[in-house]
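Let us read an interface and a surface patch together, one feature at a time.

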Amino acid sequence: MSDLEKYIQKNKEAFENEPPSGHFDRFSAKLNRLPTTKKISLFPRLMKVAAVAVLVILSSLWTYEKVFQHNNQDGIALSDVSPEYKEVEQYYQQQINVKYGEINSAHLFTDSIQKRMVLNELSEMDSIYNCMKKDLKTNPNDERVINAMIDHYRLKVEVMNNLLEQLQKIQTNQKHISHENNEI
Amino acid sequence: MSHPEQSYINLNQEIIDGCRQGDKGSQFQLYELYYRSMYNTSLRIIKDTAEAEDIMQEAFLTAFEKINTYEGKVSFGSWLKRIVINKSLDAIRKRKIKLSELNETTNDFTLEKETDESEIQFKVENIKRAMEKLPDGYRMVLSLYLFEGYDHEEIAGILGISSSTSRSQFTRAKQHLLKYIKLDN
């Protein structure tokens, strides 16, 4: 190493100058020019790829359900026709569910054979409804089919109401009989 | 350099990681650490204080924007310094001074006999003044070798010349420098 090199090495600090005053402020201003803090990447790239793959799979499953499964159904239900009819169907189904629960509660029936017969009758009504769904599929938006469906629901609720009335009558009669027996 | 693949562990790794995430606080901290050294590197090439400051600051911004290309194979300071040098050289080129002038001998005065270093009393201010008098080509080779610590192979890569040119230019540049210092004294 020459004398010059040695001298520079030894006095390196002395050769250095400070930038013109105010350089910190000028740099701050320039720094603010940079795009604001990048979003901290929570997921590594692989995770992002996986997330996208999951989304694609889910959405294609959903599309499959909507497009294909729907067409594979045996028919079109009342609720599929329009939002208004959907409300109608929901109303009747709710009614039917309540009645069904009442009928199903065992103490109303004197014996289980009777109960099974009634429930079979009700499920036969469901099969009629399923036929109508098929009809509606072959004749979309046919008012006659739609009206028949609504009539069917109304009828079903009526039948169930009658059934419940009859059953309650039987029950009260039975109570009277047992009361009389107790009195004797 | 026995393990070129080995990642360089920086003393300020946390600050660098902050900069990777675009954190403004970390970016300013890094500036505070390196501005002085980077400014002087640029100043030695460009000679103008305002321009050197601007180039140095722009180099920091470039480094922050391209921080994902920093692989950690060299120290962060070395990586940043290369950006500063490249930007300074670009500015010099814009001044229409071609680096090919490096190959031409500048005949400010004839160097009849070699100046003997031992005859000269070195002073910081003398050396600085003499450096400023040198033509850009000479000054660049000298400052890259004497102040930045690059070898001739590295200087050849930076300036786009052969390493033998770098060597011969360095010898000539140093002779000019010594002459200027002697005249100053």
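The dialogue below takes the contacts between chains, then a helix, then the patch.

Q: What should I know before reading this?

A: This is a predicted model: local features need pLDDT of at least 70, side-chain atom pairs count only at pLDDT 80 or more, and totals for chains, interfaces and linings use all residues. Residues are numbered from 1 along each chain as written, chains are lettered from A and ligands numbered from 1 in written order, and side-chain values use heavy atoms, without hydrogens and water.

Q: How many residues of chain B are in contact with chain A?

A: Contact means heavy atoms within 4.5 Å. Here 40 residues of chain B touch 32 of chain A.

Q: How many salt bridges cross the interface of chain B and chain A?

A: A salt bridge puts a side-chain nitrogen of Lys or Arg within 4 Å of a carboxyl oxygen of Asp or Glu. The rule finds six between chain B and chain A. One of them pairs B:R36 with A:E16, with closest N and O atoms 3.7 Å apart.

Q: Which element gives the most to the side of chain B that touches chain A?

A: Helices are DSSP runs (H or I, at least four residues), numbered from the N terminus. Helix α2(B) gives the most, with twelve residues.

Q: What do the buried residues of α5(B) pack against?

A: Buried means under 20% relative accessible area (1.4 Å probe, protein chains only); exposed is over 50%, partly exposed in between. The buried residues of α5(B) include B:I127 and B:M131. They pack against α1 and α2 of chain A, and α6 and α8 of chain B.

Q: Why does A:I57 count as partly exposed?

A: Because its relative accessibility is 49%. A:I57 lies in helix α4 of chain A.

Terms used:
Helix = DSSP H or I, 4+ residues; strand = E, 2+ residues; numbered from the N terminus.
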